[in-house]
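Biologist: Hi! Could you walk me through how the helices pack here?
Modeller: Happy to, let's look together.
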Amino acid sequence: MPTQQQNHAVLDAERTRLEPPRLYKVLLLNDDYTPMDFVILVLQRFFSMDPERATQIMLKVHNEGRGLCGVYPRDIAATKVDQVSAFAQQHQHPLACVMEEN
């Protein structure tokens with residue numbers, strides 16, 4: 001282990017091990033009122049999906065009850081959830097967006 005001398009004292013360098021940040025899944029939940037086109041728009045606008053991928057995820061939400069939009073560190077996932085929720089509310093749709101630990 002490397003050492004440094006400072007004012008006649010020997011200091012041992014400590015090795016710290018950084019853990020990668022915990023990741024969170026951002027999911028859209030199905031409801032009976034939000035139009036499919038609006039879900040596709042959300043996926044394109046907030047998750048940078050192309051129309052084909054957005055349509056696949058929308059169909060997964062529709063058929064299975066939920067669909068994975070992406071996996072992000074906690075702060076980014078929380079921001080995405082807030083943005084989608086606010087956008088849906090602004091357009092008077094009950095679309096639910098949640099995050100859960102990966």
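Biologist: How close do the axes of α1 and α3 come, and at what angle do they cross?
Modeller: In this predicted model, the two axes come within 11 Å and cross at roughly 140°. Axes are lines fitted to C-alpha atoms, for helices over the stretch in contact, with angles from 0 to 180 degrees between N-to-C directions. Helices here are DSSP runs (H or I, at least four residues), numbered from the N terminus.
Biologist: And what does that make α1 relative to α3?
Modeller: Oblique, which is the word for angles that are not under 35 degrees, over 145 or 65 to 115.
Biologist: Which residues meet there?
Modeller: F38, L41, V42, R45, F46 and F47 of α1 meet K80, Q83, V84, F87 and A88 of α3, where contact means heavy atoms within 4.5 Å.
Biologist: What classes are they?
Modeller: Eight are nonpolar, one is polar and two are charged. Ala, Val, Leu, Ile, Met, Phe, Trp, Tyr, Cys and Pro count as nonpolar, Asp, Glu, Lys and Arg as charged, and the others, Gly among them, as polar.
Biologist: New topic: how do α1 and α2 cross?
Modeller: Their axes come within 9 Å and cross at roughly 125°, so α1 is oblique to α2 as well.
Biologist: What does L43 touch?
Modeller: Leaving out residues up to four places away in sequence, L43 touches L28, S48, M49, A54, I57, M58 and C69.
Biologist: Any fine print?
Modeller: Local features need pLDDT of at least 70, side-chain atom pairs count only at pLDDT 80 or more, and totals for chains, interfaces and linings use all residues. Residues are numbered from 1 along each chain as its sequence is written, and side-chain values use heavy atoms, leaving out hydrogens and water.

How values were computed: Helix = DSSP H or I, 4+ residues; strand = E, 2+ residues; numbered from the N terminus.
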